[in-house]
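The questions below work through the geometry of one protein chain, with each answer reasoned from values computed on its coordinates. Please keep the structure in view while reading.

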Amino acid sequence: IIQNSISDELLTISIIVGGLLICFSKLKNEDEYISKIRYESLVWATYFNYGLVLLFSAIIYELDYLVVLSYNIFTLLLFFIIRFHYKLYQLSKTERDDE
């Protein structure tokens with residue numbers, strides 16, 4: 001039995017729950033196009049994330065691989081958040097340019 005504090009587990013749970021809340025909270029003015037952007041961002045993030053997992057599986061070994069996989073718990077949410085908000089930024093920028 002390894003005795004350590006519960007802080008690692010609480011931090012992991014907090015990051016995952018916070019990421020899920022950020023990812024899937026409804027926006028103030030959400031319409032079908034934003035839902036489409038959300039869906040496409042999720043698909044893109046999944047492909048990108050598992051592409052990286054395949055790449056790292058081929059080039060990283062032993063305990064370093066387990067470290068990479070432990071970070072991989074968070075990367076799907078992170079990639080989704082980054083791409084979704086980038087696409088929203090692009091959308092708002094094109095709407096401002098149209099005006």
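In what follows, a residue counts as exposed when its relative accessible area is over 50%, as buried when that area is under 20%, and as partly exposed in between. The model is predicted.

Q: Is Leu 63 buried, partly exposed or exposed?
A: Leu 63 has its place in helix 3, and its relative accessibility is 63%. The cut-off for the most accessible class is over 50%, so with 63% Leu 63 counts as exposed.

Q: How far apart in space are Leu 63 and Gln 3, C-alpha to C-alpha?
A: Leu 63 is a residue of helix 3, and along the sequence 60 residues separate Leu 63 from Gln 3. Taken from C-alpha to C-alpha, the distance in space between Leu 63 and Gln 3 is 21 Å.

Q: Which residue of helix 3 has a positive phi although it is a residue other than glycine?
A: The phi in question is near 60°, a positive value, and the residue is not glycine. That residue has its place in helix 3, and with a relative accessible area of 72% it is exposed. The residue is Glu 62.

Q: Is helix 1 roughly parallel or roughly antiparallel to helix 3?
A: Helix 1, which spans residues 7-24, and helix 3, which spans residues 62-98, pack with their axes 10 Å apart and at an angle of about 25°. Angles under 35 degrees fall in one class and angles over 145 in another, so the arrangement of helix 1 relative to helix 3 is roughly parallel.

Q: How do the residues of the contact of helix 1 with helix 3 divide into nonpolar, polar and charged?
A: From helix 1 the contact includes Thr 12, Ile 15, Ile 16 and Gly 19, and from helix 3 it includes Ile 73, Phe 74 and His 85. Helix 1 passes helix 3 in a left-handed crossing, and the residues of their contact divide into 11 nonpolar, 3 polar and no charged.

Q: Is helix 2 roughly parallel or roughly antiparallel to helix 3?
A: The axes of helix 2 and helix 3 come within 8 Å and cross at roughly 150°. Since the cut-off is over 145 degrees, helix 2 is, relative to helix 3, roughly antiparallel.

Q: How many charged residues does the contact of helix 2 with helix 3 hold?
A: Helix 2 passes helix 3 in a right-handed crossing. The residues of this contact include 18 nonpolar and 6 polar ones, while the number of charged residues is 4.

Q: Which helix gives the most to the largest nonpolar core?
A: The largest nonpolar core is made up of 11 residues in all, among them Cys 23, Ile 34, Ala 45, Phe 80, Ile 81 and Leu 91. Helix 2, residues 32-59, and helix 3 each supply at least two residues of this core. With 7 residues, the helix that gives the most to this core is helix 3.

Q: Which residues does Ile 81 touch, not counting residues up to four places away in sequence?
A: Ile 81 is one of the residues of the largest nonpolar core, and Ile 81 is also among the helix 3 residues that meet helix 1. Leaving out residues up to four places away in sequence, Ile 81 touches Gly 19, Ile 22 and Cys 23.

Q: How far apart in space are Tyr 65 and Val 53, C-alpha to C-alpha?
A: Tyr 65 lies in helix 3, and at 22% relative accessibility Tyr 65 counts as partly exposed. Not counting residues up to four places away in sequence, Tyr 65 touches Phe 56, Ser 57 and Ile 60. Val 53 is 12 residues from Tyr 65 in sequence, and their C-alpha to C-alpha distance is 9.7 Å.

Notes. Residues are numbered from 1 along each chain as its sequence is written. This is a predicted model: local features need pLDDT of at least 70, side-chain atom pairs count only at pLDDT 80 or more; totals for chains, interfaces and linings use all residues. Side-chain values use heavy atoms; hydrogens and water are left out. Axes are lines fitted to C-alpha atoms, for helices over the stretch in contact, and angles run from 0 to 180 degrees between N-to-C directions. Helices (H or I, at least four residues) and strands (E, at least two) are DSSP runs, numbered from the N terminus. Angles under 35 degrees count as roughly parallel, over 145 as roughly antiparallel, 65 to 115 as roughly perpendicular and the rest as oblique. A crossing is left-handed if the near helix is turned anticlockwise from the far one by less than a right angle, and right-handed if clockwise. Contact means heavy atoms within 4.5 Å. Ala, Val, Leu, Ile, Met, Phe, Trp, Tyr, Cys and Pro count as nonpolar, Asp, Glu, Lys and Arg as charged, and the others, Gly among them, as polar. A nonpolar core is a set of buried Ala, Val, Leu, Ile, Met, Phe, Trp, Tyr and Cys residues joined through side-chain atoms within 4.5 Å. Buried means under 20% relative accessible area, exposed over 50%, partly exposed in between (1.4 Å probe, protein chains only).
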